[in-house]
Amino acid sequence: MSVLEIEGLTKYFGDLLALDNVQMNVAQGAICGLLGPNGAGKTTLLRIINGILTKDSGTVEILGEEASLQTARKIGYMPEERGLYDNMTIENQIMYFGQLKGARPQRIREVMREYLDLFNLKGSERRKLKELSKGNQQKVQIISTLVHEPHLVILDEPFSGFDPINGQLLQQLIERLHNNGTTVMLSSHNMHAVEEMCDSIALINHGHLLLEGNINDIKEANKKDETIIITTSPLPLSSIGEAGYVDWIRLESSIKQRKGYCYRLKKAQGINNIDLLNQVSKYSDISLFEEALPSLNDIFISKVSE
């Protein structure tokens, strides 16, 4: 079942084409990364999904219903720009946003207590927002987004203002939402977090959808027939190159917290993995030998630069 289904979505601002025939499908329970450079059209897309902006053409459906202010109650949307009230207490702020989305006060209080405890804010309910650090303000914004228990959660740059510890807390929260069947859209420039957490991505640039689908499938489609080898001792690169086993080979930084010497290479035509392994093992023990798939960051830069 699709939680979000978009067909032919187009949006103009005067003569500026902000979204051009965008099509997307986000399955129930998925964690989908929405990627794109600044000005790509991501925020416009998210605002149309939430009924904040109107489209010029196309369809946007939330759980089978045309997107509107009514379907927006089923969505938890945290924009990149903070939308909280400095002189309001944490408790009143979260209650206010939960009731705007139609949740019952008693249930809001139960969920709020759970999230305050999760984010180490228990006992701070009566503090005003302006008294909090930037990171804790971001936590309150996230709780306000989730307190009505939405079917679809959209987080725009949620890691902004978070140190590594709080970033890890947020990742654990998103994983928990995922395990409970909530669908999550994560718009972020934090490629490492998106690659680690998301099972699918949509990449937008200049209003065009460049890529959409399963991350592993996209990596497979964009691989360059390269191999990664980690050895326990250095390799004589010139000897391996002169022997005709590789077109090129270079030393890289180690990966996956593996100790040793990491090399990226492209096998010469007609050379199979056994041939290459036998050649390399003459010089060193091999702790890793695997096909090199592009990182999400590599794919992003390549597609946006085309």
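Hi everyone, let me start right at one residue: glutamate 291, which at 39% relative accessibility counts as partly exposed. A quick word before I go on: what you see on the screen is a predicted model.

So, which residue does glutamate 291 pair with? Its partner is lysine 223, and the closest N and O atoms of this salt bridge are 2.9 Å apart. Lysine 223 is partly exposed as well, with a relative accessibility of 34%. Have a look at where the two sit. Lysine 223 is in the loop between helix H7 (215-221) and strand S11 (226-231), while glutamate 291 belongs to strand S14 (residues 286-292), so this pair ties together parts that are 68 residues apart in sequence. Just after that, here is a group of charges for you: Glu226, Arg250, Glu252 and Arg264 are joined into one network by salt bridges that share partners.

How many salt bridges does a search of the whole structure find? The count is 14. As a general reminder, side chains of opposite charge can pair when their charged atoms come close.

Two further pairs are worth a stop. In one of them, lysine 74 bridges to glutamate 65, with 2.6 Å between the closest N and O atoms. Lysine 74 has a relative accessible area of 24%, which makes it partly exposed, and glutamate 65 is also partly exposed, at 36%.

The other pair is glutamate 110 with arginine 107, where the closest N and O atoms are 2.8 Å apart. These two are three residues apart in helix H3 (residues 105-118), so about one helical turn separates them. Glutamate 110 is partly exposed at 32% relative accessibility, and arginine 107 is partly exposed too, with 29%.

While we are on charges, the protein has 32 positive and 39 negative ones, and their mean positions lie 7 Å apart.

Let me zoom out for a moment. The protein has ten helices and 14 strands, and its C-alpha atoms fill a box of roughly 70 × 50 × 35 Å along the principal axes. Of its 306 residues, 45% are buried. The accessible surface is about 15200 Å², with 45% of that belonging to carbon and sulfur atoms. For those of you who like contact maps: among contacts between residues at least 6 apart in sequence, 69% join residues at least 24 apart.

Now to the covered parts, and strand S7 (residues 152-156) is a nice place to look. How many of its five residues are buried? Five of the five are. Both faces of S7 are covered, with Leu152, Ile154 and Asp156 buried on one side and Val153 and Leu155 on the other. S7 also has neighbours. Strand S6 (residues 75-78) runs parallel to S7 and is joined to it by four bridges, and within that pairing glycine 76 has valine 153 as its bridge partner. Strand S8 (residues 183-187) runs parallel to S7 too, with five bridges between them. There, aspartate 156 stands opposite serine 187.

My last stop is helix H1 (residues 42-49), which is mostly covered, as six of its eight residues are buried. Which ones are they? They are Lys42, Thr44, Leu45, Leu46, Ile48 and Ile49, so do notice the lysine in that list. After H1 comes glycine 51, whose phi is positive, near 75°.

That's my tour, thanks for listening!

How values were computed: Residues numbered from 1 in each chain as written. Predicted model: local features only at pLDDT ≥ 70, side-chain atom pairs only at ≥ 80, totals over all residues. Heavy atoms only, no water. Buried < 20%, exposed > 50% of the residue type's maximum accessible area, 1.4 Å probe, protein only. Contact = heavy atoms within 4.5 Å. Areas by Shrake-Rupley, 256 points an atom, 1.4 Å probe, with all protein chains shown as cover. Lys, Arg positive; Asp, Glu negative; His and termini not counted. Charge placed at Lys NZ, Arg CZ, Asp CG, Glu CD. Salt bridge = Lys/Arg side-chain N within 4 Å of Asp/Glu carboxyl O. Pairing = 2+ DSSP bridges.
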